[in-house]
Amino acid sequence: MKIVKVGGSLERSCNLKTYLTKIDQHYPAGLVIVTGGGVFADTIRQAQQRWHFDDECAHHMAIIAMQQMALLFQSILSDFKFADGLKEIKERSSNGERLIWWPDFKLLNQAGIAACWDVTSDSLAAWLANAVNADELILVKSAEIPAGLNLSELTRLGIVDPCFIEFTQNTAYRITLINKDAL
């Protein structure tokens, strides 16, 4: 099983459909797409600055932003189906279904995932990859990915979130970062 996290910033591209089609064609059955929150998450960041609600509320709203993006992606990739539970993802993926993760903040709360902006959809995709015993986690980014950098350096550059290293320590799966134009 491969987890492919597609950065929410790709939504701003007029080529989103092309990128998603390439992912669909390039990766075989057993694919689970994790979406970023994109413009929906950006709106939450702005609202939090304005209204000063706490990070837990913002985190729950950001999960809903990922769900909104999942709806957008599924409208483009109509063969993909939503899945939320870990057991469901494992079973349906092993049956060859192509899935889009529908994140559930209750499940993430039960897993003890911090409700803060340092945990983005990158870290959530890493958590999911661990939880479902994925073979590979692929992060598709708008940012250029400099060759030869380790995760600490990628974190320092802001290419992955500050908690990503924690979520990927001692993992059995391969981690691949790729720029959207290299798909």
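This is a short conversation about reading a predicted protein model.

Visitor: Where do I start? How many helices and strands does the protein chain have?

Guide: Keep in mind that the model is predicted. The protein chain has 8 helices and 6 strands. Going along the sequence, they come in the pattern β-α-β-α-α-β-α-β-α-α-β-α-α-β.

Visitor: How do I read the radius of gyration of the protein chain?

Guide: Hold it against what a compact globule would give. For 183 residues that would be near 16 Å, and the protein chain has 15 Å, so the two agree. If you prefer a box, the C-alpha atoms fill one of roughly 45 × 35 × 35 Å along the principal axes.

Visitor: And what share of the 183 residues counts as buried?

Guide: That would be 46%. As for the outside, the protein chain exposes about 8,900 Å², with carbon and sulfur atoms supplying 50% of that area. You can also look at charge: the mean positions of the 17 positive and 21 negative charges lie 5 Å apart.

Visitor: Which percentage of the contacts joins residues at least 24 apart?

Guide: Take the contacts between residues at least 6 apart in sequence: 72% of them join residues at least 24 apart.

Visitor: Let's try a helix. Which residues of helix H1 are buried?

Guide: In H1, which covers residues 16-26, they are Leu-16, Tyr-19, Leu-20 and Ile-23. Now look down the axis: these buried residues fall within an arc of 95°, so they line one face of the helix. On the other side of H1 you'll find Lys-17, Gln-25 and His-26 exposed.

Visitor: What covers the buried residues of H1?

Guide: The cover includes strands E1 (2-6), E2 (31-35) and E5 (136-141), along with helix H3 (55-76).

Visitor: How about helix H6: how many of its residues are buried?

Guide: Here 9 of the 11 are buried, so H6 is largely enclosed by the rest of the structure. The buried ones are Ser-121, Asp-122, Ser-123, Leu-124, Ala-125, Ala-126, Trp-127, Leu-128 and Ala-129.

Visitor: Which residue with a positive phi follows H6?

Guide: First the general idea: most residues other than glycine have a negative phi. Asn-133 follows H6 with a positive phi near 55°, and Asn-133 is not a glycine. You'll find Asn-133 in the loop between H6 (121-131) and E5. Asn-133 is exposed, with a relative accessible area of 57%.

Visitor: Where does Asn-170 lie?

Guide: In the loop between helix H8 (164-168) and strand E6 (174-179). Asn-170 also has a positive phi of about 55° without being a glycine. Asn-170 is exposed too, with a relative accessible area of 83%.

Visitor: Now the strands. Is Val-34 buried or exposed?

Guide: Val-34 sits in strand E2. With a relative accessible area of 0%, Val-34 is buried. Leaving out residues up to four places away in sequence, Val-34 touches Ile-3, Val-4, Lys-5, Val-6, Met-66, Trp-101, Ser-121, Ala-125 and Leu-128. For a distance check, Val-34 and Ile-76 are 42 residues apart in sequence, and their C-alpha atoms are 14 Å apart in space.

Visitor: What about Lys-141: buried or exposed?

Guide: The cut-off for buried is under 20% relative accessible area. Lys-141 has 10%, so Lys-141 counts as buried. Lys-141 belongs to strand E5. Among the residues Lys-141 touches, not counting those up to four places away in sequence, are Lys-5, Asp-122, Ile-159 and Lys-180.

Visitor: Two glycines to finish. Where is Gly-96?

Guide: Gly-96 is in the loop between helix H4 (86-94) and strand E4 (99-101). At 32% relative accessibility, Gly-96 counts as partly exposed. Setting aside neighbours within four places in sequence, Gly-96 is in contact with Ala-29 and Gly-30. The C-alpha atoms of Gly-96 and Val-119 are separated by 30 Å, with their places 23 residues apart along the chain.

Visitor: And where is Gly-158 found?

Guide: In the loop between helix H7 (151-156) and H8. Gly-158 is exposed, with a relative accessible area of 58%. C-alpha to C-alpha, Gly-158 and Ile-3 are 21 Å apart in space and 155 residues apart in sequence.

Technical notes. Residues numbered from 1 in each chain as written. Predicted model: local features only at pLDDT ≥ 70, side-chain atom pairs only at ≥ 80, totals over all residues. Heavy atoms only, no water. Helix = DSSP H or I, 4+ residues; strand = E, 2+ residues; numbered from the N terminus. Rg over C-alpha atoms; globule rule 2.2 N^0.38 Å. Buried < 20%, exposed > 50% of the residue type's maximum accessible area, 1.4 Å probe, protein only. Contact = heavy atoms within 4.5 Å. Areas by Shrake-Rupley, 256 points an atom, 1.4 Å probe, with all protein chains shown as cover. Lys, Arg positive; Asp, Glu negative; His and termini not counted. Charge placed at Lys NZ, Arg CZ, Asp CG, Glu CD. Arc of directions from axis to C-beta.
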